[in-house]
Amino acid sequence: MAFLFFNNAAEDFKDTSIAINSDLVVSVLERKVTVAAEGGNKTVTTTILFAGTNGSWEVTDPYLEVVSRLNNK
């Protein structure tokens, strides 16, 4: 079991570290959403690590970086 550290994207834990068991991850997705921000809307990109019935995690680390780190564990 190898834990990798990422930057949490969950609103209540934004930019805090999260350790994810990389053995559970079955797919990685990139998500772009438009959110209301001061001065107008902005596009935010996050990466989702999906672990089947174990759930999923949303992180701020770039998609290709996450995939690379998972491949090199």
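How exposed is Arg31, in terms of relative accessible area? Arg31 is partly exposed, at 35%, where partly exposed means between the limits for buried (under 20% relative accessible area) and exposed (over 50%), found with a 1.4 Å probe and protein chains only. The rest of this text places that residue in its surroundings.

This is a predicted model, in which local features need pLDDT of at least 70 and side-chain atom pairs count only at pLDDT 80 or more, while totals for chains, interfaces and linings use all residues. Residues are numbered from 1 along each chain as its sequence is written, and side-chain values use heavy atoms, with hydrogens and water left out.

The protein has one helix and five strands; helices (H or I, at least four residues) and strands (E, at least two) are DSSP runs, numbered from the N terminus. Along the sequence the order is β-β-β-β-β-α. The C-alpha trace spans about 45 × 20 × 20 Å along its principal axes. The protein has 73 residues, of which 26% count as buried. A contact means heavy atoms within 4.5 Å. Of the contacts between residues at least 6 apart in sequence, 38% join residues at least 24 apart.

Arg31 takes part in the one salt bridge that the structure holds. A salt bridge here is a side-chain nitrogen of Lys or Arg within 4 Å of a carboxyl oxygen of Asp or Glu. The partner of Arg31 is Glu58, and their closest N and O atoms are 2.8 Å apart. This pair links distant parts of the chain, with Arg31 in strand 3 (residues 27-37) and Glu58 in strand 5 (residues 56-59), 27 residues apart. Side chains of opposite charge can pair when their charged atoms come close. Glu58 is also partly exposed, with a relative accessible area of 25%.

Phe6 belongs to strand 1 (residues 3-7). With a relative accessible area of 2%, Phe6 is buried. Leaving aside residues up to four places away in sequence, Phe6 touches Thr16, Ser17, Ile18, Ile20, Leu49, Val59, Asp61, Val66 and Arg69. One of these, Val59, is 53 residues from Phe6 in sequence, yet the two are 6.4 Å apart in space, C-alpha to C-alpha.

Asp15 sits in the loop between strand 1 and strand 2 (17-21). Asp15 is not a glycine, but has a positive phi of about 65 degrees. At 55% relative accessible area, Asp15 is exposed. Among residues over four places away in sequence, Asp15 touches Asn8 and Thr60. Asp15 and Asp61 are 46 residues apart along the chain, and their C-alpha atoms are separated by 9.8 Å.

The surface comes last. The protein exposes about 4900 Å², with carbon and sulfur atoms supplying 51% of that area; accessible areas come from the Shrake-Rupley method with a 1.4 Å probe, and for residues only the protein chains shown count as cover. Val26, Leu29 and Phe50 make a nonpolar surface patch of about 280 Å². Patches are made of residues with over 30% relative accessible area and no salt bridge, and nonpolar side chains (Val, Leu, Ile, Met, Phe, Trp, Tyr) are joined within 5 Å, like charges within 9 Å. Of the patch residues, Phe50 is found in strand 4 (residues 40-50) and counts as partly exposed at 36% relative accessibility.
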